[in-house]
Protein chains: 2
Amino acid sequence: MSIERVVILGGGFGGLAAARGLAGAPVSVTLIDQRNHHLFQPLLYQVATALLATSEIAWPIRSLLRDARNVTTLLGTVVGIDAEARQVKLEDGAAIPYDVLIVATGARHAYFGHDDWERHAPGLKMLEDATTIRRRILMAFERAERETSAEKRAALLTFVIVGGGPTGVELAGTIAELARHTLPGDFRAFDPRDSRVVLVEAGPRVLAAFREDLSAYARKALERLGVEVRTGTAVTRVDAEGVMLAAERIDAATVIWAAGVQASPAADWLGAAKDRAGRVMVEADLTVPDHPEIFVIGDTAMLVSDGKPVPGVAPAAKQQGAHVAATIRARLTGDMAIHRFHYRDQGSLATIGRSAAVVDFGWIRLKGALAWWLWGIAHIFFLIGVRNRLAVALNWLWIHTSGRRGARLITQRDLPDDDG
Amino acid sequence: MSIERVVILGGGFGGLAAARGLAGAPVSVTLIDQRNHHLFQPLLYQVATALLATSEIAWPIRSLLRDARNVTTLLGTVVGIDAEARQVKLEDGAAIPYDVLIVATGARHAYFGHDDWERHAPGLKMLEDATTIRRRILMAFERAERETSAEKRAALLTFVIVGGGPTGVELAGTIAELARHTLPGDFRAFDPRDSRVVLVEAGPRVLAAFREDLSAYARKALERLGVEVRTGTAVTRVDAEGVMLAAERIDAATVIWAAGVQASPAADWLGAAKDRAGRVMVEADLTVPDHPEIFVIGDTAMLVSDGKPVPGVAPAAKQQGAHVAATIRARLTGDMAIHRFHYRDQGSLATIGRSAAVVDFGWIRLKGALAWWLWGIAHIFFLIGVRNRLAVALNWLWIHTSGRRGARLITQRDLPDDDG
């Protein structure tokens, strides 16, 4: 079988790495995404909390791939895969044929069977999620300025974040800083420092993926910022007025979901076996069983590498994209061997507000201000494009020295279902 | 009558200047706007054409007024004014009492009786207008990449701008540059340089407010960028597929309206006399006839100053806001004299793409590259806030040297009525 057409679904970390790995190869590559931009998801929470502008963490995919002349970028929404006919089906009826397919369609947040919670507690995966959350946070303060009932104002100034992983911790820390350091002085009817930020985690500790001492440090750093950390506590109800934590009611105008993810429906498109999070159970070389011509990578794939499941993080997706590109290049030269994927853990970083962070590289563990600077440098380094690095660095430096934020705009129009 | 409460409607150039002029005065000031941000409208076209991010030209009003402790900022939509009871009515039913009222609610684009054209040809006044237009322009190129019919692709790559004033000229110039300098290389199915940009003006020349030689220069500069300039040509129909110019049909997926403005409905709220554009005919001191306690300023007011109508431009609104604040300060000391407003014309500037501009300060007239740099420096100078000046300067320098653009994101979801 000759390989003439490679189709990549998704322009996230995995899909982009695959496309870059195939740049210049003797094969025609088509990358399809439903958005026109690649998103640097690790900083999405900073857009949600008005620290960064959308254009500072997102770039047009086709612009990132402009020099890869054998790669075509298409804007389109995938609705199915015909593995027999080797075609991808798009929403507008188009069928895109492939010889080799790379599925890198990522994941969305999951509500564990409570999909009706989504309208009250938006999650954070796409750029639009971030502007929605930003709008809700800023609107809560605006409404508080005009609210005369003390009880209702308290609910407007209460922010509940569900999920104590890196995203939840980072959101809670930056919202607390927004209320305590950025907004005081802007309002006349109340003091933003009276805001309440509650971080709810069902497990016994925040940042469960880190070592226990780093996790305990993160909790203390959050509490120092004024965040109430509630571990071992499950959310049992989310509605337009707030949340229930078992028997306890918390009235809150803003609830943000950072508690879990569900893979894109690739397993259903392929009729392949999946795990509970909907991820395709792939072979050691990232192919789908019985389909050596279909690779699944990133948050959509489930693979046990060297005895441990590969985590759903950006470095894993990038490594897998590069690995699959190398496998395809090998096949183009006639090498049809199985190339097993091995995950290289590059460590974990999480930040708590403007001056604390935890870093675990395995060989070194750090916490505090030094960890924060390391985190900042690492993220600027990984941002794509010199100009964005400069702009983000300038922005951070400004915020760090002045405590102000530049992106506090409410730009979306009111949506009817958006009054929570 | 004692003055205790001043209410300002609108946080644009006029309202903000009035609020700043009253900072620290012995009076309680409330500024009401339906958006949370002040917008630097003269650069809005750069957001629409992906040169700048929204947060680079807009700032939270309450943040701009945080140090004016006697000024309260409210987010609210005005639906009426009860001049007898001296109350402003908001959409949510609230009534805000005033002793003195300053109406600075601006203008929207006008379709001269063809309101149904708006959905096909959006205008450019608010931040949301700019992101809508940006989305349409970028989506047209995305759709062209997937279009197989040559005729339909040509329509997708045709951009019609209606109105040859500064906004229309600036939009046409930057869209032409986007197509000719930024996008080539990004697409595989067509060459963006084949795009067609048509600027339609009903009058005999573009930039009619400038001297004839500058206006002729602007036309030549546009044509050098590849813009078709059609003066003396009226648009007789706008629909989902394009426009009619008398008997001539132009198929175009993107039509942008820059042809006229209509004042906000303040005259109707007040039951005051208005001109054809809906502007309140104000007295020489900017008050409404028979209502010395109500001032109308900026694009909502019509005043003949020193024999000439005051134009609807940012400097006029700023001067009027400051003038009204001074009048109110005088009244607070018991000086109830009439303070006539005199407009100081600070000149006109307009830019044509990345290196040409026309400047007319009365005592000096410039065109070409020097005018462009003068225009850039003037605009950076007038941008509010050091950080934004730096960010915009950095952005322009980057674009000027590299030809790339940073803000090419399509972030709005598809709207059902937004397929034109």
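**Exercise 1. Get a feel for chain A as a whole: how many helices and strands are there in chain A?**

Chain A has 11 helices and 27 strands, with helices (H or I, at least four residues) and strands (E, at least two) taken as DSSP runs numbered from the N terminus. Its radius of gyration is 22 Å, close to the 22 Å from the globule rule for 420 residues, so chain A is as compact as a globular protein of that length. Here the radius is taken over C-alpha atoms, and the rule is 2.2 Å times the number of residues to the power 0.38.

A word on the ground rules: this is a predicted model, where local features need pLDDT of at least 70 and side-chain atom pairs count only at pLDDT 80 or more, while totals for chains, interfaces and linings use all residues. Residues are numbered from 1 along each chain as its sequence is written, chains are lettered from A and ligands numbered from 1 in the order in which they are written, and side-chain values use heavy atoms, with hydrogens and water left out.

Next, burial: 59% of the 420 residues of chain A count as buried (under 20% relative accessible area, 1.4 Å probe, protein chains only). Last, the extent: the C-alpha trace spans about 70 × 45 × 40 Å along its principal axes.

**Exercise 2. Work out the surroundings of strand 21 of chain A: which strands do bridges join to it?**

Start with strand 21 itself, residues 291-296: it's mostly covered, with 5 of its 6 residues buried.

Now its partners; two strands pair if DSSP finds at least two bridges between them. Strand 9 (residues 100-103) runs parallel to strand 21, joined by 3 bridges, and A:Val103 sits opposite A:Val296. Strand 20 (residues 287-288) runs antiparallel to strand 21, with 2 bridges, and there A:Val288 faces A:His291.

Finally, the turn: strands 20 and 21 of chain A make a hairpin with 2 residues between them, and A:Asp290 in that turn has a positive phi of about 70°.

**Exercise 3. Hop over to chain B: is B:Asp239 buried or exposed, and which residues does B:Asp239 touch?**

First, place it: B:Asp239 belongs to strand 14 (residues 235-239) of chain B. B:Asp239 counts as buried because its relative accessibility is 10%.

Then look for neighbours. Leaving out residues up to four places away in sequence, B:Asp239 touches B:His120 and B:Arg249, where contact means heavy atoms within 4.5 Å. Closer along the chain, a polar atom of the B:Asp239 side chain lies 2.8 Å from the backbone nitrogen of B:Glu241.

Definitions and conventions. Buried means under 20% relative accessible area, exposed over 50%, partly exposed in between (1.4 Å probe, protein chains only). A polar contact is a pair of N or O atoms within 3.5 Å; within protein, one must be able to donate a hydrogen and the other to accept it, and residues adjacent in sequence count only if both atoms are side-chain atoms.
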